[in-house]
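This report is meant for a reader who is meeting the structure below for the first time. Please keep the sequence and the model in view while reading.

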Amino acid sequence: EFAFTATAVPVNAFAGGSFGSFTAPGPATQVGTANITVNSCNSMSVTFTMTPASGLSGTTVNLQPFFENPSCAYTKTFTTCPSFSTAVPAFGARSCQLSGNLLSNEFKLTNDITWVLEGKVGVGGDNATPATLRIEPGTLLVGTGDTFDHLAINRGSKIFAEGTRDAPIVLTSPFELPGFPGNPNPKDIGGFVISGNAPANCNPNCVAEWDPTNRYGGTNAADNSGVVRYMQVRYAGFIFTTNRELNSFTFNAVGSGTTLEYLQSYRGGDDGLEFFGGTANVKYYIDSCGGDDSIDWDEGFNGKMQYALANQRGCDGQDHGFEVSNSPTNFDASPRSRPTVANVTLRGGAGGSRDGFNIKDGTGGNWFNVLATGYSRACARIEGLPTQTASGPTATLTGTLTLQNSIVSCTNNFGDGTGVTAGYTAAWFAAQAGNEARALNLTGFLPSATSNVTGKNFVPTSDWFEPTDYAGAFRSNDPKDNWTTGWTYRINE
(Lines give C-alpha, C1' and ligand atoms only; values in the text may rest on other atoms or scores of the structure.)
Protein backbone atom coordinates (compact mmCIF):
# COMPACT_ATOMS: atom_id res chain seq x y z
CA GLU A 1 0.00 0.00 0.00
CA PHE A 2 1.12 3.55 -0.86
CA ALA A 3 4.09 2.22 -2.87
CA PHE A 4 4.68 3.46 -6.43
CA THR A 5 8.25 2.22 -6.90
CA ALA A 6 10.12 -1.05 -6.50
CA THR A 7 13.92 -1.05 -6.70
CA ALA A 8 16.53 -3.74 -7.30
CA VAL A 9 13.97 -6.36 -8.29
CA PRO A 10 15.91 -9.48 -9.38
CA VAL A 11 15.83 -10.33 -13.09
CA ASN A 12 16.40 -14.06 -13.58
CA ALA A 13 17.12 -16.35 -16.53
CA PHE A 14 15.87 -19.92 -16.48
CA ALA A 15 17.45 -22.86 -18.26
CA GLY A 16 15.46 -25.59 -19.97
CA GLY A 17 11.74 -25.99 -19.92
CA SER A 18 9.36 -26.27 -22.82
CA PHE A 19 5.94 -24.87 -23.46
CA GLY A 20 5.14 -27.72 -25.85
CA SER A 21 5.75 -30.55 -23.41
CA PHE A 22 5.20 -28.54 -20.24
CA THR A 23 8.49 -29.53 -18.68
CA ALA A 24 9.60 -27.53 -15.68
CA PRO A 25 12.34 -24.93 -16.17
CA GLY A 26 15.76 -25.42 -14.65
CA PRO A 27 17.26 -23.37 -11.82
CA ALA A 28 17.21 -19.58 -12.05
CA THR A 29 20.32 -17.45 -12.55
CA GLN A 30 20.16 -13.75 -11.73
CA VAL A 31 21.23 -11.70 -14.73
CA GLY A 32 20.34 -8.20 -13.52
CA THR A 33 17.96 -6.01 -11.57
CA ALA A 34 14.98 -3.86 -12.45
CA ASN A 35 13.65 -0.62 -11.02
CA ILE A 36 9.89 -0.28 -11.53
CA THR A 37 8.01 3.03 -11.33
CA VAL A 38 4.25 3.40 -11.64
CA ASN A 39 3.64 6.93 -12.88
CA SER A 40 -0.14 6.78 -13.21
CA CYS A 41 -2.92 4.43 -14.22
CA ASN A 42 -1.72 4.72 -17.79
CA SER A 43 2.06 4.78 -17.48
CA MET A 44 4.72 2.54 -15.95
CA SER A 45 8.47 2.42 -16.60
CA VAL A 46 10.92 -0.43 -15.99
CA THR A 47 14.68 0.22 -16.04
CA PHE A 48 16.85 -2.89 -16.44
CA THR A 49 20.48 -3.01 -15.22
CA MET A 50 22.10 -6.19 -16.54
CA THR A 51 25.21 -8.02 -15.35
CA PRO A 52 28.22 -8.25 -17.72
CA ALA A 53 27.91 -12.04 -17.69
CA SER A 54 24.43 -11.84 -19.12
CA GLY A 55 25.66 -10.33 -22.37
CA LEU A 56 22.62 -8.05 -22.33
CA SER A 57 22.53 -4.26 -22.35
CA GLY A 58 20.58 -2.21 -19.85
CA THR A 59 17.50 -0.40 -21.09
CA THR A 60 14.35 1.39 -20.00
CA VAL A 61 10.97 0.20 -21.19
CA ASN A 62 7.92 2.45 -20.95
CA LEU A 63 4.70 0.50 -20.60
CA GLN A 64 1.09 1.44 -21.22
CA PRO A 65 -2.02 -0.64 -20.56
CA PHE A 66 -3.85 -2.34 -23.41
CA PHE A 67 -7.11 -1.02 -22.00
CA GLU A 68 -7.60 2.03 -19.81
CA ASN A 69 -9.55 1.52 -16.59
CA PRO A 70 -12.18 4.27 -16.49
CA SER A 71 -12.62 3.87 -12.70
CA CYS A 72 -8.94 4.45 -11.91
CA ALA A 73 -8.42 7.79 -10.17
CA TYR A 74 -4.66 8.11 -10.63
CA THR A 75 -4.50 9.75 -14.03
CA LYS A 76 -1.70 12.31 -13.51
CA THR A 77 2.09 11.91 -13.40
CA PHE A 78 3.97 13.78 -10.67
CA THR A 79 6.17 16.64 -11.86
CA THR A 80 6.83 19.09 -9.00
CA CYS A 81 5.35 20.44 -5.77
CA PRO A 82 2.90 23.34 -6.21
CA SER A 83 3.78 26.82 -4.95
CA PHE A 84 1.82 26.50 -1.69
CA SER A 85 3.97 23.53 -0.57
CA THR A 86 7.61 22.43 -0.28
CA ALA A 87 9.32 19.22 -1.35
CA VAL A 88 10.23 16.81 1.48
CA PRO A 89 12.23 13.93 -0.08
CA ALA A 90 12.51 12.13 3.28
CA PHE A 91 8.85 11.15 2.85
CA GLY A 92 9.30 9.97 -0.73
CA ALA A 93 10.07 11.40 -4.14
CA ARG A 94 6.50 12.62 -4.63
CA SER A 95 6.07 14.23 -1.19
CA CYS A 96 5.10 17.87 -0.64
CA GLN A 97 4.72 19.50 2.78
CA LEU A 98 1.95 21.84 3.92
CA SER A 99 2.14 24.11 6.95
CA GLY A 100 0.39 27.13 8.45
CA ASN A 101 -2.87 28.64 7.19
CA LEU A 102 -3.63 28.29 3.49
CA LEU A 103 -5.34 31.54 2.59
CA SER A 104 -5.55 31.46 -1.22
CA ASN A 105 -9.08 31.53 -2.62
CA GLU A 106 -8.97 27.94 -3.87
CA PHE A 107 -6.38 25.18 -4.03
CA LYS A 108 -6.31 21.46 -4.73
CA LEU A 109 -4.52 18.43 -3.27
CA THR A 110 -3.96 15.98 -6.12
CA ASN A 111 -3.47 12.24 -5.81
CA ASP A 112 -0.10 12.13 -7.57
CA ILE A 113 1.46 13.66 -4.43
CA THR A 114 1.91 12.41 -0.86
CA TRP A 115 0.88 15.45 1.21
CA VAL A 116 2.77 15.89 4.48
CA LEU A 117 1.04 17.97 7.19
CA GLU A 118 3.32 19.89 9.55
CA GLY A 119 1.53 21.10 12.67
CA LYS A 120 -1.89 22.65 12.19
CA VAL A 121 -2.63 23.10 8.50
CA GLY A 122 -5.56 25.51 8.41
CA VAL A 123 -7.79 26.24 5.45
CA GLY A 124 -8.81 29.89 5.35
CA GLY A 125 -8.97 32.36 8.20
CA ASP A 126 -11.96 32.82 10.49
CA ASN A 127 -14.97 33.80 8.30
CA ALA A 128 -13.46 37.03 6.96
CA THR A 129 -10.85 35.24 4.81
CA PRO A 130 -12.51 32.06 3.49
CA ALA A 131 -10.79 29.54 1.25
CA THR A 132 -11.81 26.38 -0.59
CA LEU A 133 -9.83 23.14 -0.50
CA ARG A 134 -10.42 20.34 -3.00
CA ILE A 135 -8.96 16.85 -2.48
CA GLU A 136 -8.94 14.31 -5.29
CA PRO A 137 -10.06 10.68 -4.85
CA GLY A 138 -7.24 8.42 -3.69
CA THR A 139 -5.17 11.24 -2.19
CA LEU A 140 -2.81 10.32 0.66
CA LEU A 141 -2.08 12.73 3.54
CA VAL A 142 0.36 11.96 6.37
CA GLY A 143 1.84 13.79 9.32
CA THR A 144 5.49 14.34 10.13
CA GLY A 145 5.27 12.01 13.12
CA ASP A 146 4.22 14.81 15.52
CA THR A 147 0.90 13.98 17.17
CA PHE A 148 -0.40 17.56 16.68
CA ASP A 149 -0.22 17.44 12.85
CA HIS A 150 -3.76 17.92 11.59
CA LEU A 151 -5.93 19.42 8.86
CA ALA A 152 -8.44 22.06 10.02
CA ILE A 153 -11.11 23.66 7.84
CA ASN A 154 -11.76 27.00 9.50
CA ARG A 155 -15.10 28.71 9.99
CA GLY A 156 -16.43 30.13 6.73
CA SER A 157 -14.21 27.99 4.50
CA LYS A 158 -15.12 24.88 2.51
CA ILE A 159 -13.66 21.48 1.71
CA PHE A 160 -14.58 19.19 -1.16
CA ALA A 161 -12.85 15.91 -0.27
CA GLU A 162 -14.72 13.59 -2.60
CA GLY A 163 -13.17 10.15 -2.53
CA THR A 164 -14.76 7.13 -4.18
CA ARG A 165 -15.43 3.56 -3.13
CA ASP A 166 -12.44 2.41 -5.20
CA ALA A 167 -10.20 5.34 -4.20
CA PRO A 168 -10.90 6.68 -0.70
CA ILE A 169 -8.97 9.64 0.69
CA VAL A 170 -6.59 8.56 3.47
CA LEU A 171 -5.13 10.64 6.34
CA THR A 172 -2.68 8.54 8.31
CA SER A 173 0.60 8.03 10.13
CA PRO A 174 3.86 8.55 8.17
CA PHE A 175 4.95 5.17 9.53
CA GLU A 176 2.60 3.56 7.01
CA LEU A 177 4.79 4.85 4.16
CA PRO A 178 6.92 2.17 2.47
CA GLY A 179 10.42 2.17 3.95
CA PHE A 180 9.62 4.76 6.62
CA PRO A 181 11.26 3.66 9.90
CA GLY A 182 8.99 2.41 12.67
CA ASN A 183 5.45 1.09 12.94
CA PRO A 184 2.20 3.08 13.00
CA ASN A 185 0.46 3.64 16.34
CA PRO A 186 -2.49 5.65 17.66
CA LYS A 187 -1.67 9.37 18.15
CA ASP A 188 0.86 9.41 15.30
CA ILE A 189 -1.17 12.23 13.73
CA GLY A 190 -3.71 14.71 15.09
CA GLY A 191 -6.77 14.19 12.88
CA PHE A 192 -9.28 16.04 10.72
CA VAL A 193 -11.31 19.07 11.84
CA ILE A 194 -14.13 21.15 10.39
CA SER A 195 -15.36 24.30 12.17
CA GLY A 196 -18.58 25.97 11.11
CA ASN A 197 -21.16 28.66 11.86
CA ALA A 198 -24.04 26.51 13.11
CA PRO A 199 -25.53 26.97 16.60
CA ALA A 200 -23.79 25.63 19.71
CA ASN A 201 -24.60 26.29 23.36
CA CYS A 202 -21.10 27.70 23.96
CA ASN A 203 -21.76 30.49 21.44
CA PRO A 204 -20.42 33.21 21.13
CA ASN A 205 -17.33 31.99 23.00
CA CYS A 206 -16.75 28.58 21.37
CA VAL A 207 -13.06 27.78 21.13
CA ALA A 208 -11.51 24.41 20.28
CA GLU A 209 -10.26 22.72 23.45
CA TRP A 210 -6.86 21.94 21.89
CA ASP A 211 -6.37 25.23 19.99
CA PRO A 212 -7.44 28.66 21.34
CA THR A 213 -7.18 30.16 17.84
CA ASN A 214 -9.77 27.77 16.41
CA ARG A 215 -13.18 29.41 16.85
CA TYR A 216 -16.57 27.99 15.90
CA GLY A 217 -20.29 28.52 16.28
CA GLY A 218 -22.89 30.95 14.94
CA THR A 219 -26.56 31.18 14.03
CA ASN A 220 -26.74 29.43 10.64
CA ALA A 221 -28.13 25.93 11.18
CA ALA A 222 -27.88 25.25 7.41
CA ASP A 223 -24.24 26.34 7.20
CA ASN A 224 -22.37 24.53 4.42
CA SER A 225 -18.72 23.55 4.90
CA GLY A 226 -18.61 21.42 1.75
CA VAL A 227 -18.44 17.66 1.09
CA VAL A 228 -16.41 14.89 2.73
CA ARG A 229 -17.08 11.48 1.25
CA TYR A 230 -15.14 8.19 1.37
CA MET A 231 -12.40 9.24 3.78
CA GLN A 232 -10.33 7.22 6.26
CA VAL A 233 -8.48 8.73 9.24
CA ARG A 234 -5.99 6.25 10.72
CA TYR A 235 -3.80 6.32 13.86
CA ALA A 236 -5.00 9.79 14.87
CA GLY A 237 -5.67 11.50 18.19
CA PHE A 238 -3.98 14.25 20.16
CA ILE A 239 -4.36 14.69 23.94
CA PHE A 240 -2.90 17.99 25.07
CA THR A 241 -4.14 17.55 28.64
CA THR A 242 -7.14 15.80 30.17
CA ASN A 243 -10.31 16.96 28.38
CA ARG A 244 -8.26 18.89 25.81
CA GLU A 245 -8.23 16.43 22.95
CA LEU A 246 -8.23 16.18 19.18
CA ASN A 247 -10.19 13.30 17.67
CA SER A 248 -9.96 11.35 14.42
CA PHE A 249 -12.92 13.40 13.13
CA THR A 250 -13.85 16.61 14.98
CA PHE A 251 -16.89 18.59 13.80
CA ASN A 252 -17.21 21.97 15.55
CA ALA A 253 -20.61 23.62 14.96
CA VAL A 254 -20.78 22.15 11.47
CA GLY A 255 -24.05 22.92 9.69
CA SER A 256 -26.62 20.70 8.00
CA GLY A 257 -25.64 21.99 4.54
CA THR A 258 -22.42 19.98 4.78
CA THR A 259 -22.34 16.48 3.22
CA LEU A 260 -20.57 13.87 5.38
CA GLU A 261 -20.74 10.27 4.13
CA TYR A 262 -18.66 7.09 4.22
CA LEU A 263 -16.18 8.02 6.94
CA GLN A 264 -13.91 5.61 8.83
CA SER A 265 -11.72 6.19 11.87
CA TYR A 266 -9.18 3.44 12.50
CA ARG A 267 -7.13 2.87 15.70
CA GLY A 268 -7.46 6.42 16.93
CA GLY A 269 -5.95 7.51 20.24
CA ASP A 270 -9.11 9.33 21.33
CA ASP A 271 -12.72 9.56 20.10
CA GLY A 272 -13.53 8.39 16.62
CA LEU A 273 -16.02 11.18 15.88
CA GLU A 274 -16.99 14.08 18.13
CA PHE A 275 -19.53 16.83 17.52
CA PHE A 276 -19.18 20.10 19.41
CA GLY A 277 -22.59 21.66 18.81
CA GLY A 278 -23.83 22.11 15.28
CA THR A 279 -26.42 20.43 13.09
CA ALA A 280 -24.18 18.18 10.98
CA ASN A 281 -25.65 15.07 9.37
CA VAL A 282 -23.53 11.92 8.94
CA LYS A 283 -24.43 8.80 6.98
CA TYR A 284 -22.29 5.62 6.84
CA TYR A 285 -19.69 5.97 9.57
CA ILE A 286 -17.34 3.36 11.07
CA ASP A 287 -15.08 3.50 14.10
CA SER A 288 -12.61 0.61 14.14
CA CYS A 289 -10.71 -0.09 17.37
CA GLY A 290 -10.80 3.45 18.73
CA GLY A 291 -8.90 4.54 21.82
CA ASP A 292 -11.89 6.15 23.52
CA ASP A 293 -15.52 6.69 22.52
CA SER A 294 -16.72 5.93 19.02
CA ILE A 295 -19.32 8.73 18.85
CA ASP A 296 -19.29 11.69 21.21
CA TRP A 297 -21.37 14.86 21.25
CA ASP A 298 -21.40 18.01 23.38
CA GLU A 299 -22.41 21.68 23.40
CA GLY A 300 -25.89 21.41 21.92
CA PHE A 301 -25.44 19.03 18.98
CA ASN A 302 -28.67 18.70 16.98
CA GLY A 303 -27.76 16.85 13.80
CA LYS A 304 -28.69 13.50 12.34
CA MET A 305 -26.93 10.16 11.83
CA GLN A 306 -27.89 6.95 10.06
CA TYR A 307 -25.89 3.77 9.45
CA ALA A 308 -22.98 3.70 11.87
CA LEU A 309 -20.78 0.91 13.23
CA ALA A 310 -18.69 1.01 16.40
CA ASN A 311 -16.48 -2.08 16.06
CA GLN A 312 -14.42 -1.77 19.22
CA ARG A 313 -13.41 -5.35 20.00
CA GLY A 314 -11.62 -4.71 23.31
CA CYS A 315 -9.12 -2.09 22.15
CA ASP A 316 -7.31 0.33 24.45
CA GLY A 317 -9.29 3.06 26.18
CA GLN A 318 -12.80 3.42 27.59
CA ASP A 319 -14.55 2.50 24.37
CA HIS A 320 -18.07 3.72 25.02
CA GLY A 321 -20.13 3.34 21.88
CA PHE A 322 -21.85 6.68 22.52
CA GLU A 323 -20.61 9.11 25.17
CA VAL A 324 -22.99 12.04 24.89
CA SER A 325 -23.46 15.30 26.77
CA ASN A 326 -25.27 18.62 26.60
CA SER A 327 -22.68 20.92 28.14
CA PRO A 328 -19.89 20.21 30.64
CA THR A 329 -20.51 23.53 32.42
CA ASN A 330 -24.31 23.99 32.24
CA PHE A 331 -26.31 20.77 31.93
CA ASP A 332 -29.45 22.70 30.90
CA ALA A 333 -27.73 25.02 28.40
CA SER A 334 -29.68 25.92 25.26
CA PRO A 335 -29.84 24.64 22.62
CA ARG A 336 -29.87 21.27 24.37
CA SER A 337 -28.15 18.43 22.52
CA ARG A 338 -30.89 16.38 20.86
CA PRO A 339 -29.82 14.70 17.63
CA THR A 340 -31.74 11.95 15.83
CA VAL A 341 -29.84 8.69 15.25
CA ALA A 342 -30.94 5.51 13.48
CA ASN A 343 -29.50 2.14 12.49
CA VAL A 344 -26.35 1.80 14.56
CA THR A 345 -24.44 -1.35 15.59
CA LEU A 346 -22.37 -1.04 18.78
CA ARG A 347 -19.94 -3.94 19.27
CA GLY A 348 -17.98 -3.67 22.49
CA GLY A 349 -15.05 -5.55 23.99
CA ALA A 350 -13.42 -6.26 27.33
CA GLY A 351 -12.71 -3.58 29.93
CA GLY A 352 -14.07 -2.21 33.18
CA SER A 353 -15.67 1.09 32.15
CA ARG A 354 -17.23 0.47 28.78
CA ASP A 355 -20.88 1.23 27.97
CA GLY A 356 -22.78 1.02 24.73
CA PHE A 357 -24.59 4.24 25.66
CA ASN A 358 -23.07 6.58 28.27
CA ILE A 359 -25.70 9.32 28.44
CA LYS A 360 -24.86 12.27 30.68
CA ASP A 361 -24.67 16.02 31.41
CA GLY A 362 -28.31 16.76 30.61
CA THR A 363 -28.24 15.61 26.99
CA GLY A 364 -31.23 14.69 24.93
CA GLY A 365 -31.24 12.44 21.88
CA ASN A 366 -33.65 10.27 19.93
CA TRP A 367 -32.27 6.87 18.91
CA PHE A 368 -34.02 4.34 16.71
CA ASN A 369 -33.12 0.80 15.66
CA VAL A 370 -29.82 0.29 17.50
CA LEU A 371 -27.99 -2.95 18.40
CA ALA A 372 -25.60 -2.94 21.38
CA THR A 373 -23.63 -5.99 22.49
CA GLY A 374 -20.47 -6.99 24.33
CA TYR A 375 -20.04 -3.99 26.65
CA SER A 376 -18.61 -4.95 30.03
CA ARG A 377 -20.21 -2.37 32.33
CA ALA A 378 -23.58 -1.81 30.68
CA CYS A 379 -25.23 -1.71 27.30
CA ALA A 380 -27.01 1.49 28.40
CA ARG A 381 -26.19 3.80 31.30
CA ILE A 382 -27.79 7.13 32.18
CA GLU A 383 -25.67 9.49 34.30
CA GLY A 384 -26.75 12.40 36.51
CA LEU A 385 -30.02 13.83 37.80
CA PRO A 386 -30.15 16.59 35.10
CA THR A 387 -30.20 13.90 32.42
CA GLN A 388 -32.98 11.97 34.16
CA THR A 389 -34.95 15.20 34.67
CA ALA A 390 -34.66 16.11 30.98
CA SER A 391 -35.85 12.61 30.08
CA GLY A 392 -38.80 12.69 32.50
CA PRO A 393 -40.65 10.00 34.48
CA THR A 394 -40.69 6.66 32.69
CA ALA A 395 -44.50 6.63 32.62
CA THR A 396 -44.61 10.06 30.94
CA LEU A 397 -41.33 10.59 29.08
CA THR A 398 -40.83 14.09 27.73
CA GLY A 399 -39.52 12.85 24.37
CA THR A 400 -36.21 14.65 24.86
CA LEU A 401 -34.32 11.39 25.46
CA THR A 402 -35.64 8.24 23.77
CA LEU A 403 -34.50 4.85 22.44
CA GLN A 404 -36.91 2.74 20.38
CA ASN A 405 -36.94 -0.48 18.31
CA SER A 406 -33.54 -1.45 19.72
CA ILE A 407 -31.85 -4.61 21.04
CA VAL A 408 -29.32 -4.80 23.88
CA SER A 409 -27.28 -7.90 24.72
CA CYS A 410 -24.68 -7.41 27.46
CA THR A 411 -23.88 -9.24 30.69
CA ASN A 412 -25.25 -6.17 32.46
CA ASN A 413 -27.69 -4.51 30.13
CA PHE A 414 -28.40 -1.42 32.26
CA GLY A 415 -26.62 0.84 34.71
CA ASP A 416 -27.52 3.95 36.67
CA GLY A 417 -24.93 6.64 37.27
CA THR A 418 -24.54 8.92 40.27
CA GLY A 419 -27.70 10.93 40.89
CA VAL A 420 -29.97 8.67 38.83
CA THR A 421 -32.79 6.79 40.55
CA ALA A 422 -31.94 3.10 40.98
CA GLY A 423 -33.50 1.08 38.16
CA TYR A 424 -34.33 4.15 36.06
CA THR A 425 -32.30 3.18 32.96
CA ALA A 426 -33.87 -0.28 32.77
CA ALA A 427 -37.38 1.14 33.25
CA TRP A 428 -36.69 3.88 30.66
CA PHE A 429 -35.66 1.25 28.11
CA ALA A 430 -38.62 -1.04 28.86
CA ALA A 431 -41.15 1.80 28.62
CA GLN A 432 -40.43 2.45 24.94
CA ALA A 433 -41.80 0.71 21.87
CA GLY A 434 -39.99 -2.18 20.21
CA ASN A 435 -37.09 -2.53 22.67
CA GLU A 436 -35.69 -5.95 23.61
CA ALA A 437 -33.01 -7.17 26.01
CA ARG A 438 -32.02 -10.61 24.76
CA ALA A 439 -29.27 -12.79 23.34
CA LEU A 440 -27.92 -11.55 20.05
CA ASN A 441 -25.75 -13.53 17.64
CA LEU A 442 -23.47 -11.63 15.31
CA THR A 443 -21.18 -12.94 12.59
CA GLY A 444 -18.36 -10.50 13.20
CA PHE A 445 -20.23 -7.19 13.15
CA LEU A 446 -23.03 -8.50 10.89
CA PRO A 447 -26.23 -10.11 12.15
CA SER A 448 -26.33 -13.89 11.77
CA ALA A 449 -29.28 -15.73 10.27
CA THR A 450 -30.62 -16.36 13.80
CA SER A 451 -30.29 -12.78 15.06
CA ASN A 452 -33.88 -11.80 14.23
CA VAL A 453 -33.11 -8.11 13.74
CA THR A 454 -35.86 -7.47 11.19
CA GLY A 455 -39.42 -6.40 11.92
CA LYS A 456 -38.24 -3.15 13.55
CA ASN A 457 -39.81 -0.46 11.39
CA PHE A 458 -38.20 2.96 11.36
CA VAL A 459 -40.53 5.47 9.71
CA PRO A 460 -38.64 8.78 9.62
CA THR A 461 -40.29 12.17 9.67
CA SER A 462 -37.34 13.73 7.79
CA ASP A 463 -36.61 12.86 4.16
CA TRP A 464 -32.87 12.91 4.96
CA PHE A 465 -33.34 9.48 6.57
CA GLU A 466 -34.12 6.25 4.75
CA PRO A 467 -36.93 4.08 6.15
CA THR A 468 -35.72 0.67 7.38
CA ASP A 469 -37.23 -2.46 8.88
CA TYR A 470 -34.34 -3.73 11.00
CA ALA A 471 -32.31 -2.88 14.11
CA GLY A 472 -28.63 -2.15 13.68
CA ALA A 473 -26.52 -0.89 10.80
CA PHE A 474 -27.01 -3.95 8.58
CA ARG A 475 -30.14 -5.84 7.61
CA SER A 476 -28.37 -9.21 7.25
CA ASN A 477 -25.01 -10.86 6.56
CA ASP A 478 -25.81 -11.01 2.85
CA PRO A 479 -22.98 -9.22 0.96
CA LYS A 480 -25.50 -6.89 -0.68
CA ASP A 481 -26.40 -5.52 2.78
CA ASN A 482 -22.80 -4.82 3.81
CA TRP A 483 -22.14 -1.16 2.98
CA THR A 484 -18.56 -1.35 4.35
CA THR A 485 -17.31 -3.39 1.38
CA GLY A 486 -14.64 -1.94 -0.88
CA TRP A 487 -13.72 1.36 0.77
CA THR A 488 -12.79 0.51 4.37
CA TYR A 489 -9.50 -0.51 6.01
CA ARG A 490 -9.02 -3.73 8.00
CA ILE A 491 -12.66 -3.78 8.95
CA ASN A 492 -12.66 -7.50 9.79
CA GLU A 493 -9.69 -7.57 12.19
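A convenient place to begin is a charged side chain beside a ring: Arg234 lies over the face of Tyr489, at 3.4 Å from the ring centre. In a second case of this kind, Arg94 lies over the face of Phe4, and here the value is 3.8 Å from the ring centre. The model is a predicted one, and the values in this report should be read with that in mind.

## Strands and their pairing

Strand 1 (residues 5-14) is joined by 8 bridges to strand 2 (residues 28-40), and the two run antiparallel. Within this pairing, Thr5 has Thr37 of strand 2 as its bridge partner. Strand 2 also pairs in the antiparallel sense with strand 3 (residues 43-50), over 8 bridges, and Val38 stands opposite Met44 of strand 3. The connection from strand 2 to strand 3 is a hairpin of 2 residues.

Further along the chain, strand 5 (residues 86-87) and strand 6 (residues 95-102) are antiparallel partners over 2 bridges, with Ala87 bridged to Cys96 of strand 6. Strand 6 is in addition joined to strand 8 by 8 bridges, and in that case the strands run parallel; Ser95 stands opposite Thr114 of strand 8.

The table gathers the pairings described above.

| Strands | Sense | Bridges |
|---|---|---|
| Strand 1 and strand 2 | antiparallel | 8 bridges |
| Strand 2 and strand 3 | antiparallel | 8 bridges |
| Strand 5 and strand 6 | antiparallel | 2 bridges |
| Strand 6 and strand 8 | parallel | 8 bridges |

## Nonpolar cores

In soluble globular proteins, nonpolar side chains tend to be buried together. In this model the largest nonpolar core has 67 residues, and the members that touch the most others are Leu151, Phe192, Phe251, Phe275, Phe322, Phe357 and Trp367. Strand 8 (residues 114-123) gives this core its largest share, 4 residues. A second, separate core is made of 19 residues, including Tyr262, Leu309, Phe445 and Leu446.

What does Phe357 touch, when residues up to four places away in sequence are not counted? Its contacts are Phe322, Leu346, Trp367, Val370, Ala372, Cys379, Ala380, Arg381 and Leu403.

## Aromatic pairs and a cluster

The aromatic pairs come to 31 by count. In one of them, Phe249 and Phe251, the ring centres are 6.2 Å apart and the planes stand at 45 degrees, so the pair is tilted. Phe249 has 0% relative accessibility and therefore counts as buried, and Phe251, at 1% relative accessibility, counts as buried as well.

Phe445 and Phe474 also form a tilted aromatic pair, with 5.4 Å from centre to centre and 45 degrees between the planes. Because Phe445 lies in the loop between strand 33 (442-443) and strand 34 (446-447), while Phe474 lies in the segment after strand 36 (468-470), this pair ties together parts that are 29 residues apart in sequence. Phe445 counts as buried at 3% relative accessibility, and Phe474 counts as buried at 0%.

One aromatic cluster is formed by Phe192, Phe249, Phe251, Phe275, Tyr285, Trp297, Phe301, Phe322, Phe357 and Trp367. Among its members, Phe192, Phe251, Phe275, Phe322, Phe357 and Trp367 are also named with Leu151 as the residues that touch the most other members of the largest core.

## Backbone exceptions

Most residues other than glycine have a negative phi, and most peptide bonds are trans. Against that background, four places in the backbone deserve attention.

Which residues are joined by a cis peptide bond with an omega of about 10 degrees? They are Asn203 and Pro204, and Pro204 is found in the loop between strand 14 (191-195) and strand 15 (226-234). Another cis peptide bond joins Ser334 and Pro335, with omega about 0 degrees; Pro335 lies in the loop between strand 24 (322-324) and strand 25 (340-347).

Positive phi values occur at Ala8, where phi is near 55 degrees, and at Tyr307, where phi is near 65 degrees. Ala8 lies in strand 1, whereas Tyr307 has its place in strand 23 (residues 304-311). Is Tyr307 buried or exposed? Its relative accessibility is 4%, which is under the 20% limit for a buried residue, and Tyr307 therefore counts as buried.

Technical notes
Residues numbered from 1 in each chain as written. Predicted model: local features only at pLDDT ≥ 70, side-chain atom pairs only at ≥ 80, totals over all residues. Heavy atoms only, no water. Core = buried A, V, L, I, M, F, W, Y, C linked by side-chain atoms within 4.5 Å. Buried < 20%, exposed > 50% of the residue type's maximum accessible area, 1.4 Å probe, protein only. Contact = heavy atoms within 4.5 Å. Pairing = 2+ DSSP bridges. Phe/Tyr/Trp six-rings, centres within 6.5 Å; stacked < 30°, edge-to-face > 60°. Lys NZ or Arg CZ within 6 Å of the ring centre and 35° of its normal.
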